[in-house]
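Student: I am new to this structure and would like to look closely at one part of it, with the reasoning spelled out. Please take me through it slowly, and then show me what else deserves a look.

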Amino acid sequence: LPPIFAKLGLAYDDVLLLPNETDVIPSEVDTSTHLTRKITMKAPVLSAAMDTVTESEMAIAMARNGGIGVLHRNLSIDDQAAQVDVVKRSESGMITDPLTVSPEVTLADLDKLCGKFHISGLPVVDKENKLVGIITNRDMRFIASEDYDTLKVKDVMTKENLVTGPSNISKDDAHRLLAQHKVEKLPLVDSEGHLTGLITVKDFVKTEQYPDATKDEQGRLRVAAGVGFLGDAWQRASALMEAGVDVLVVDTANGEARLALDMISRLKHDSAFDNVQIIGGNVGTRSGAQAMIDAGADAVKVGIGPGSICTTRVVAGVGVPQLTAVYEAAQACRAAGVPCIADGGIHYSGDIAKALVAGASSVMLGGALAGCEEAPGEKVLLHGKQYKLYRGMGSLGAMAPRGKKSYSKDRYFQADVTSSDKVVPEGVEGEVPYRGPLNAVLYQMLGGLHQSMFYIGAHNIAEMPDRGQFIRITDAGLRESHPHDIVMTAEAPNYSGF
Ligand code: RVP
């Protein structure tokens, strides 16, 4: 028989980081990193492409806090592209193709549009895209809702003394005009009065409020989205690209499958996708990472079976303990100058530091974020505590939803299975504790990372593999690491025995 026993695989819990001489304090470390070859971000975190983790609300919150969200793909192409649109329009330096409304639209329809995009008003344009007015909640304030079906935009919009700016206005001049006229929106027009852009006060405020936000060259929040590789995958990728997605994640449980590798190289060879970065995943070995790199991936995502909802390792008997998987894959990634993303199995902030020391440039979180306010789904009350649904994309619920179509079965190469009793799940469904708003959760996660960097003496993420050293621990060591010999009576914001 061939020598088939590889070396020992280690999980995050098998090791600790050794303290090291340090000349940096926690508040001074720099956590910026490369997400992909071309995109950097201030916080090394991604939210998972899962239907109980990332839709537009989570993606907006992740990007504002310096990370990025990967929109899941268990929904129709149009719905996923619409979510990209919502994120890209949520905040921007200057909106070059603002949403507009016709003067003939009823207030009821206007209200629906504003609700969908969380905006408070719109420029009004005629058929030739000439600016004829602006309608904001100020114009609507004294209108009774009974009149929404009969009144039209043209009946209530502001049309006199419109405050506008030229198309090429500078940020400072725009700010001055907004302040001088005490208005919240500044439509930009060309010499013939055509609408060419829009600048809003909200965006200036947001820029001050979220200085670390992950943004594109135009000042819009960045967003990633998952795509598959079968059926209408190409159509999906194209629709997402047209909606302005920054990053596509070719999303599969086995990135070494030929179909997934082909999808990556096809995307990389098509010039229509030149402005979109392509992440490939998931792999669990050095050769798997190399295959992704050879296919052209701009970043490689690592994780076969570490996810908190994942049963691949027991159902298929396949997987690599995550710390070793990251370390192995990162060897190939480093040599090629391609960032590596550690996906799954991160429960505590200390695990993030371990992944980064092992060579990852960022981490992807599922279960740790599924309990956040911004994750899809409602809170449920169980035994007097609040929880939110969290399920694997390979669970029965995600691959065979009752009365609905599953768009993500191909993640597990089961797209041809039509009846639910023929699905072979590789994940489970459950509940995680409700954790409140994302920014508070990330504050603790990233705060923990700052502490780690201080202990190991790393000024920035690039220094972490050189400054960090692992010590392997035993079961007794792990028991000693967690609180012990105490009945916890108060909840800590960054520790749960859950
Ligand atoms: P965790 O953060 O430990 O909850 O893991 C999240 C990761 O688990 C996802 O980013 C994905 O790679 C993987 N996943 C998602 N669904 C399933 C499954 O059903 N097996 N696994």
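Student: Is Cys-372 buried or exposed, at its relative accessibility?

Tutor: The model is a predicted one, and in it Cys-372 has a relative accessibility of 0%, so this residue counts as buried; the cut-off behind that word is a relative accessible area under 20%, whereas exposed means over 50%. Another cysteine can be read in this way, for Cys-333 is at 1% relative accessibility and therefore counts as buried. When cysteines come up, one may ask about disulfides, and the structure holds zero of them. For Cys-333 in particular, the nearest cysteine sulfur is that of Cys-340, which is 4.5 Å away, and because a disulfide requires two cysteine sulfur atoms within 2.5 Å, Cys-333 is in no disulfide.

The other side of the cut-off can be seen at two loop residues. His-118 is found in the loop between helix 3 (107–117) and strand 6 (121–125), and because its relative accessibility is 61%, it counts as exposed. The backbone of His-118 has a positive phi of about 50°, although this residue is not a glycine. Lys-182, in turn, lies in the loop between helix 6 (171–181) and strand 9 (185–189), and its phi, near 50°, is again a positive value in a residue other than glycine. With a relative accessible area of 66%, Lys-182 is exposed.

A further backbone detail is the peptide bond from Gly-281 to Asn-282, which is cis, with omega near -5°. Of the two residues that this bond joins, Asn-282 can be placed in strand 13, which covers residues 277–283.

Finally, there is open space to consider, in the form of the second largest pocket, whose volume is about 610 Å³. Its lining is made up of 23 residues, and those that lie nearest the centre of the pocket are Leu-16, Ser-349, Gly-350, Asp-351 and Lys-354. Two or more lining residues come from each of strand 1 (15–17), helix 13 (349–357), helix 16 (438–456) and helix 18 (475–481), so if you wish to find the pocket in the 3D view, these elements are the ones to trace. By residue type, the lining of this pocket divides into twelve nonpolar, eight polar and three charged residues.

Key:
Residues numbered from 1 in each chain as written. Predicted model: local features only at pLDDT ≥ 70, side-chain atom pairs only at ≥ 80, totals over all residues. Heavy atoms only, no water. 1 Å grid on protein atoms, 1.4 Å probe; cavity = no way out; pocket = protein on both sides within 12 Å on 5 of 7 lines; lining within 4 Å. Points joined across faces, edges and corners; volume = space filled by probe spheres on them. Helix = DSSP H or I, 4+ residues; strand = E, 2+ residues; numbered from the N terminus. Nonpolar A, V, L, I, M, F, W, Y, C, P; charged D, E, K, R; others polar. Buried < 20%, exposed > 50% of the residue type's maximum accessible area, 1.4 Å probe, protein only.
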